[in-house]
Structures are given as structure tokens and as C-alpha cells.
Amino acid sequence: MISTLLNFQRNLHFLFSLLFFLFTFFSYAQVTSSIDSTKIKIGEEILYTINVQADSTDVVVFPEEQTFAPLEMIESYKTDTTYEGAKYRLIKKYGLTQFDSGHFTIPPQRIFINNKPFFTDSLKVEVNDVPVDTTKQKMFDIKPAVEVKSLLFDWLLLLYWLLPILLIIGIAIYLFRRKKRKNAAVKQLPPYEEAIVALKTLDNSQLIKENKSKEYYSNLTEIVKRYLDREVDEAALESTSDELITRLMMHKDAGNFDFDLETIRKLDQIFKRADLVKFAKMNQLSGQAEVDRKTIEEIINETHEAVPEPTEEELLENQEYLEKLRKRRKRRKWILGISGVVAAIILAGIIYGSVSGFDNLKDKVIGNDLRELSEGRWIKSEYGNPAVILETPEVLVRAEAPQTNANKSTVSAKDFFTYGEMNAPLYIMVSTTQFSQKQDIALETALDAVLDDLEQSGAKNMIVKRDDFETEKGIKGLKAYGDFNVQVSDTKVLKQKSTYELLLFAQQNGLQEVLIVYQNDGKYAEEILKRIEASIELEISEKDGQ
């Protein structure tokens with residue numbers, strides 16, 4: 001009896017322990033969900049909240065993707081954490097909305113705790129229309145689309161106008177300065193006459209009366225130095241007074257000019273007095289400036305007489321030198337002008353490229369056939385029978401159908417339309433085939449035959465991928481796509497691969513093909529492909545439509 005009682009107690013203790021273990025196992029994590037409102041207006045936000053109570057060592061992962069369909073998640077808020085002893089509570093909120101009216105159900109959401117999934121309950125939401133009182137709020141027709149001119153367009157337009165204007169202004173300034181320099185060269189007097197005129201101009205000045213000896217001697221020495229620079233020594237203006245006297249002595253010793261030593265000595269004395277006046281601010285005796293002015297005129301006259309007349313050979317050599325110098329200057333001006341134009345074009349290109357993108361600049365300068373086709377005016381038309389309706393950059397032209405693997409006896413009619421060539425940037429082909437006898441067309445088999453025909457027409461090293469295709473109106477077909485090298489002659493195959501997409505449909509006891517081959521430029525070719533693909537419609541008979 002006692003042993004039976006002890007066994008009962010042990011079993012009862014084991015049962016309680018098992019129940020406690022199961023309770024703790026199933027209740028260590030609690031997941032609940034709620035929404036702040038069950039009724040909202042179209043576009044209004046619902047706050048969806050998930051509460052998780054778990055152990056502090058548990059790893060909890062909330063959904064972060066669009067798993068709330070038919071509602072749309074517009075915001076995933078930061079997780080809020082609160083601690084309750086050894087456990088902690090995680091509160092995760094999501095902003096949801098819906099833009100259609102009706103009754104919707106938020107599906108259960110899956111939360112992972114230590115890699116184990118837990119699901120919330122589904123919740124129902126009612127989305128109501130926004131009421132509009134038409135008696136108070138007037139209704140208007142939908143306004144047509146209006147093209148808005150961007151600031152970028154205005155800026156570029158300004159640049160297009162500004163560049164030619166600046167170029168014209170630059171050329172006008174250059175021509176004006178050139179004419180001014182020519183006039184100045186024509187008006188320039190010979191060295192001797194120029195020096196005499198300059199001395200008379202100095203006489204008419206009021207520098208001596210105004211006691212401006214420094215300015216007077218500066219002008220006086222510059223007159224004689226300029227004369228000597230043009231007539232005797234090209235380095236006279238750049239030389240100091242002592243250097244110029246030394247160079248004149250060298251010319252005399254070399255026999256280049258028959259200078260009188262007394263003339264050189266007088267010039268040296270005047271230079272020294274001028275330096276004392278200019279740099280030491282020494283005052284000259286009364287009348288000394290007039291004496292020095294007269295001496296300078298005598299020196300210029302004596303030098304003019306001492307300078308030998310140029311021989312005919314020297315004049316000829318000088319004329320040739322001047323002609324070479326003129327051509328060199330003209331060539332330099334042309335180089336500067338062309339460089340300026342090139343620099344302006346490069347600068348305009350950099351500005352245009354920085355604003356609108358350098359790819360856009362490259363297309364504008366070099367040209368991009370695919371871009372022109374993509375941005376041009378497209379044409380929507382029907383081709384063949386049963387008709388294939390699609391939109392293309394250019395109208396497809398009827399062509400002679402090539403020889404194919406199809407049995408001619410079973411084909412009653414075949415239409416073939418193309419745009420471009422296989423090796424061109426873009427090639428489009430539409431083909432429709434009608435069979436004379438009623439037959440079930442296996443698209444997989446037909447696709448193999450069409451791919452064989454394509455390979456025979458010049459598609460080499462073809463990579464083929466297959467997939468199902470469906471038009472926007474639900475007509476199903478097959479799609480083959482990939483790339484190949486185009487064979488342009490018996491011995492030549494293009495290195496650059498062409499991308500292709502082949503669409504095949506079977507209806508009305510006929511076969512319809514659409515082939516698009518293009519040289520992928522990474523942008524416009526794919527845009528053309530997607531636009532053509534999205535525009536494809538097929539003629540459906542009443543029998544096929546049933």
C-alpha cells in the first residue's frame with residue numbers, strides 16, 4: 001500500500017514537471033499583432049504593430065519586405081525594446097496604406113525567433129472612398145499635358161546663343177587691335193625724324209618751368225636711347241647708362257659706326273647728370289637742362305651722319321627678314337586664334353557635359369543611331385496575315401522571304417517585313433506564315449526550326465535561352481534570346497556580338513515571328529527592345545478568341 005502511494009506520488013511529480021516544461025517551452029515567446037484602426041480612407045496610413053515577448057537571449061527577426069499585400073508598406077519604423085526582468089518585449093510598427101476602396105485582409109506575418117517561425121493573426125481592414133460634394137466642389141475636365149521647359153534647357157539655349165556672340169566679339173576685338181597696330185606701324189616715323197619730333201614736344205612741355213627736373217631728364221635720356229636703339233644698337237633701351245656707353249665704344253672699335261670720341265664723352269656726361277637728378281635728386285645749375293637738350297640734338301645729328309646708308313643687299317636682306325617676321329607673326333596669330341576657338345569649344349563641351357552628362361555630349365558629337373531611333377517619332381502599324389501589330393522607330397518594308405526549313409507545299413502564304421540589316425545597330429523582322437492545311441503547331445518544334453533558319457542566315461556562335469512570353473492582352477507564345485556573331489561574308493565574322501530576341505506565336509492556322517537584333521549600347525537599345533515588346537498585339541479571330 002505504501003509502495004503504491006509512493007509510486008503515485010512519483011508519477012504525479014513527473015506529470016507536473018512535464019506539464020511545467022511544456023508550458024515554459026510553448027510560452028517562452030509570445031507574438032501578437034494589432035492595428036490602430038480597422039477603417040481608413042483611401043491613402044490614409046494604418047499603424048500595424050507586432051508585439052513579441054521573448055527571453056533576453058533570443059534572436060528575433062521581423063519581416064522587412066512587402067509581405068502585407070494587398071496593402072502596401074510605406075514605412076518600417078524602428079523597433080522599440082523594453083525589458084521585463086529576464087525577458088524583454090519588442091514592439092515593431094509598420095505604416096500601411098491602400099489606394100483602392102473595399103474590404104481587405106492583412107495576411108499573417110511570419111516572425112522568426114531563434115530560426116523558428118511564429119505567425120500573427122490576420123486582420124481585416126475597410127478602406128472607404130473620400131466623399132466629394134459636387135454641389136460645393138466644381139468638377140473640371142482633365143487638363144491636357146503641358147510641356148514644362150526645364151531650367152537646364154533654358155541654360156543650354158543661352159549657352160548656344162552666348163558662345164557664337166562671344167566668338168564674334170573676340171574676333172572683332174582681335175581685328176580692331178590688329179588694325180590699330182597696323183595704323184600705328186604706318187604712322188611711326190623714321191628714327192631720326194621721330195627723335196627730332198620728340199625733342200620739340202619736350203621743348204613745348206612745362207617741365208622746366210614747373211621745376212620737374214627728374215621728369216625732364218627721364219624724357220630726354222629716353223629720347224636719345226630710343227633713337228640709338230632703332231638706329232645703332234637694339235639693346236640700347238634695355239641697357240643702363242654705363243652699359244650703353246660701353247656698347248657704343250665697342251661699335252666704334254669694331255668699325256661698325258664712325259663715332260667721335262667727343263660725342264660719346266658728351267653723352268656719358270649727360271647720362272651721369274641725369275642719373276644724379278633722377279636718383280640723387282640733385283638740383284642742376286640754371287640753364288644746364290637747356291644746354292643738355294641742345295647737346296642731345298647735336299649727338300643725334302652727328303650719329304645720324306655717322307650711320308652709313310644701308311646697301312642694296314642689306315635692304316634686300318632686311319626686306320626678306322621683315323617678310324619672314326611678318327609670316328611668322330601671321331602664323332602665330334592663326335595658331336592663337338585657332339587655339340582660342342578650340343579652347344572655347346572644349347570649355348563649352350566640358351560645361352555641357354557637366355550639366356547634361358558626358359554620355360549625352362558624346363552622343364551629340366559622335367552621334368548615336370540607337371538614340372536617334374529611340375527618341376524619334378515611332379510608327380504603329382500592322383504587318384502580314386494573320387496580322388502582327390507593333391510599334392517601331394521606322395516603318396518596316398516588305399521584303400522577299402528567304403528560304404526556310406518549312407515545307408513549301410504546306411505553306412499557302414508568307415509575308416516578310418524588315419528594317420535595317422543584321423549587322424546594323426538595329427534590325428527588326430516580322431514574318432507571318434499561313435499553312436494550307438489545318439494543323440496543330442508545336443511552338444517548341446517551330447522555334448527550333450526558326451533558330452536553324454536564323455543560323456543559316458548568318459547568326460554564328462549563337463547562345464540561346466528560352467522562356468514563355470505573353471502579350472498585354474494575354475496571348476501566349478515562346479521567346480528565345482541571347483547573342484551571336486554576325487557573318488558578313490564567307491570569310492568574315494564580326495567580333496562584336498549582337499543581342500537578339502525572337503518571339504513566336506501560333507494562331508489562326510499560322511505562325512507569327514518577331515525578331516529584334518541590336519548592338520547593345522547599355523541604354524537605348526534596351527529601351528527600344530522593351531518598347532517594341534510592350535507594343536506587340538496580334539490579330540485574333542472569333543474562333544481563336546472563344
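**Group meeting: a walk through the model**

Okay, so what you have up there is a chain whose secondary structure comes to 13 helices and 21 strands. Keep in mind that this is a predicted model.

A few overall numbers to begin with. The chain has 546 residues, and 32% of them count as buried. Its accessible surface comes to about 36,400 Å², and carbon and sulfur atoms account for 55% of that. Then contacts: if you take those between residues at least 6 apart in sequence, 59% join residues at least 24 apart.

Now let's go to the surface. Which residues make the nonpolar surface patch? They're Leu167, Ile171, Tyr174, Leu175, Val341 and Ile345, and together they make a patch of about 500 Å². Two elements give two or more residues to this patch, namely helix 2, which is 151–187, and helix 8, which is 312–356. Helix 2 gives the largest share, with 4 residues.

Let me pick out one residue there, leucine 167, which is found in helix 2. Is leucine 167 buried, exposed or partly exposed? Its relative accessible area is 37%, so leucine 167 goes down as partly exposed. And since patches are made of residues with over 30% relative accessible area, that 37% for leucine 167 is above the cut-off.

Okay, on to the strands. There's an open sheet of 3 strands, in the order 2-11-8, and the pairing is mixed. At the edges you find strand 2, residues 39–41, and strand 8, residues 102–106, and each of those pairs on one side only. On average, neighbouring strands in this sheet are turned by 30° against each other, if you ignore direction.

Let's look at one pairing in there. Strand 2 runs parallel to strand 11, residues 123–128, and the two pair over 3 bridges. If you want a spot to click on, try isoleucine 40, whose bridge partner in strand 11 is valine 127. As a general reminder, side chains in a regular strand alternate between the two faces of the sheet.

Last stop, a hairpin. How many bridges join strand 12 to strand 13? It's 5, with strand 12 covering residues 379–383, strand 13 covering 388–392, and the two running antiparallel. At the turn end, tyrosine 383 has valine 388 in strand 13 as its bridge partner. The hairpin leaves 4 residues between the two strands, and glycine 384 in that turn has a positive phi of about 75°.

That's my tour, thanks everyone.

Note on methods
Residues are numbered from 1 along each chain as its sequence is written. This is a predicted model: local features need pLDDT of at least 70, side-chain atom pairs count only at pLDDT 80 or more; totals for chains, interfaces and linings use all residues. Side-chain values use heavy atoms; hydrogens and water are left out. Patches are made of residues with over 30% relative accessible area and no salt bridge: like charges are joined within 9 Å, nonpolar side chains (Val, Leu, Ile, Met, Phe, Trp, Tyr) within 5 Å. Accessible areas come from the Shrake-Rupley method with a 1.4 Å probe; for residues, only the protein chains shown count as cover. A salt bridge is a side-chain nitrogen of Lys or Arg within 4 Å of a carboxyl oxygen of Asp or Glu. Buried means under 20% relative accessible area, exposed over 50%, partly exposed in between (1.4 Å probe, protein chains only). Two strands pair if DSSP finds at least two bridges between them. Axes are lines fitted to C-alpha atoms, for helices over the stretch in contact, and angles run from 0 to 180 degrees between N-to-C directions. Contact means heavy atoms within 4.5 Å.
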